[in-house]
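Trainee: Could you take me through this structure and show me how each label is earned?
Mentor: Gladly; let us look at it together.

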Amino acid sequence: MVHIFMAESENKKWKVFLLVASGVFMSTLDSSIVNIALPFIMEDLNAPFETVQWVVLIYLLTVSSLLLTFGRLSDIMGRRVIYCLGFLTFSIGSLLCSLAFQPWFLIFSRAVQGCGAAMLMACSPALVVDIFPRDERGKALGMVGTIVAAGLSAGPMAGGVLLDFLSWRFIFIINIPIGLISAFLGMSMLKGTHADKGNNEPLDIRGGIFLAAALFCLILAVTQLDTWGVVSMKTMGAFCFFLMAGTGFVLAELKTPYPLFDAMLLRIRLFSVSLISAGILFAALFFIVFLMPFYLTSPRGFSASATGGIMVVPFVVLFFVSPVSGILYDRFGASRGLCTFGMALLAGSLFSFTRIDAMTPVYIVLFQLALAGTGTAFFISPNSSAAMGSVSAGRRGIASAAVATARNLGMVVGVAVAGLIFSIVFSRLTHGANLKDYTPDMEGAFMAGFHHAMGTGALIAFIGIFFSYSRGKKDAKEE
């Protein structure tokens, strides 16, 4: 009987892992596949560049705004309900995206997708920790990291093939059957497990609203800075609302006994520096992720599949180098050297992109992308391990959601600032033209905007080097 029970338990945990893996793979695949499709969406929907960037922005912004809220809600209602609802919501959002014939409807649909992705991301690590014994959690979470890298790697290649032979709408259609099947399996598979349990604690709704409002106002102000003007009433108003909502969030978290985020964690130097460093790295990285597909399809004239094949390089490198980075951290224990080295490699990659043009050999571009992937790989694992190891076991759920929020917020800021700088330079050099109307004689203006944006990304990464180095020599862990 004991052997039968152990066999059933072993079978159960791997079924749950496969369920989590499907959600992680689907959400990461979607985030990378959409970037490849942006130039084609811009052309098909006849949308300006500034509008198309919101297809990426609204998704990341929604995820960043709701991660903490859904993390708390999963503790209250039980992770089974929230996780399966995440699959269903993501599938509905994907269906709406595939039916979009207006830019505003696609942006709205991506927000729906973002709600579903936030539910999935908030629950995934906790589901793995719930079902696996303590001595197997590290291995299981490491495998989840491999699934993330696989999803990011497959996205550009799959997107390129779909765009060459079908339509950009199919990059959303493929999510629908996966999401619906996973939702159905999850409801039965997770029934009766720890994921079915909740508590009677209240949800900090006010804090969630303040956080979402603050992030939206900040990104709106940054993306519209060129259109509205730096000192216009709209810009000043958006920044004022950001400050008020941000202040409201901080005050709400300090007053409630059940906050979305435990502000006391920020007193732990290693945790707070790791959080800031993660945000900076992903902001800098997404200058490349967002703008490179436009460089490859406009001045270079590559097909969708060729663009996807090139953009897969940093994620493939991430797939193979991340385990090496994790082993080095396990052996030497200090994250400062690895994270600083990784941030420096990313800064070097971004700076090198300020020197390329439309005739740069492809092997050089591939090397520069591989450099960015290597830097990211050396940074992520040690930084996350240091952040999670610096807090007590009872607060690692909140800490995990905070790290994920910092990562997604960094992506949002990176896309917003990269789009702003590129748009300002390109528009002024072409006397108000938009990228959707690109012609070969605009190559100089495009490369100027591209160089300015990549230079700004390099500056952000150089600032990240300072923060990574300032974490201290040793990663002391709380018990």
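**How the labels are earned**

Mentor: The largest nonpolar core has 141 residues, and those with the most contacts inside it are Phe271, Met292, Phe446 and Phe450. Helix α11 (residues 269–297) gives this core its largest share, 19 residues. This is a predicted model, where local features need pLDDT of at least 70 and side-chain atom pairs count only at pLDDT 80 or more, while totals for chains, interfaces and linings use all residues. Residues are numbered from 1 along each chain as its sequence is written, and side-chain values use heavy atoms, with hydrogens and water left out.

Trainee: What makes a set of residues a nonpolar core?
Mentor: The set must consist of buried Ala, Val, Leu, Ile, Met, Phe, Trp, Tyr and Cys residues joined through side-chain atoms within 4.5 Å. In soluble globular proteins, nonpolar side chains tend to be buried together.

Trainee: What is phenylalanine 446 in contact with, leaving aside its neighbours within four places in sequence?
Mentor: Its partners include Phe294, Tyr295, Phe422 and Phe426. Contact means heavy atoms within 4.5 Å.

Trainee: Why is serine 349 called buried?
Mentor: Buried means under 20% relative accessible area, exposed over 50%, and partly exposed in between, using a 1.4 Å probe and protein chains only. Serine 349 has a relative accessible area of 0%, so it is buried. This serine lies in helix α14 (residues 335–352) and touches Ile288, Gln368, Leu371 and Ala372, not counting residues up to four places away in sequence.

Trainee: And why is isoleucine 463 called partly exposed?
Mentor: Its relative accessible area is 42%, so isoleucine 463 falls in the in-between class, partly exposed. Isoleucine 463 is found in helix α17 (residues 443–469).

Trainee: How do you know what counts as a helix?
Mentor: Helices (H or I, at least four residues) and strands (E, at least two) are DSSP runs, numbered from the N terminus. By that rule the chain comes to 17 helices and zero strands.

Trainee: How do you know that the span of helix α7 agrees with what is expected?
Mentor: The expected span is 1.5 Å times one less than the number of residues. Helix α7 (residues 175–189) has 15 residues and should therefore span 21 Å; its end C-alpha atoms are 20 Å apart, which agrees.

Trainee: What makes the pairing of arginine 169 and aspartate 44 a salt bridge?
Mentor: A salt bridge needs a side-chain nitrogen of Lys or Arg within 4 Å of a carboxyl oxygen of Asp or Glu. The side chains of arginine 169 and aspartate 44 meet at 3.7 Å, N to O. Arginine 169 lies in the loop between α5 and α6 and aspartate 44 in helix α1 (residues 2–44), so the pair ties together parts that are 125 residues apart in sequence. A search of the whole structure finds one salt bridge.

Trainee: Are its two members buried or partly exposed?
Mentor: Arginine 169 is buried because its relative accessible area is 12%, whereas aspartate 44, at 46%, counts as partly exposed.

Trainee: What makes Met157, Val161, Phe165, Leu166, Phe170 and Ile173 a nonpolar patch?
Mentor: Patches are made of residues with over 30% relative accessible area and no salt bridge; like charges are joined within 9 Å, and nonpolar side chains (Val, Leu, Ile, Met, Phe, Trp, Tyr) within 5 Å. Together these residues have about 560 Å² of accessible area, computed by the Shrake-Rupley method with a 1.4 Å probe, where for residues only the protein chains shown count as cover. Valine 161, for one, has a relative accessible area of 40% and is therefore partly exposed.
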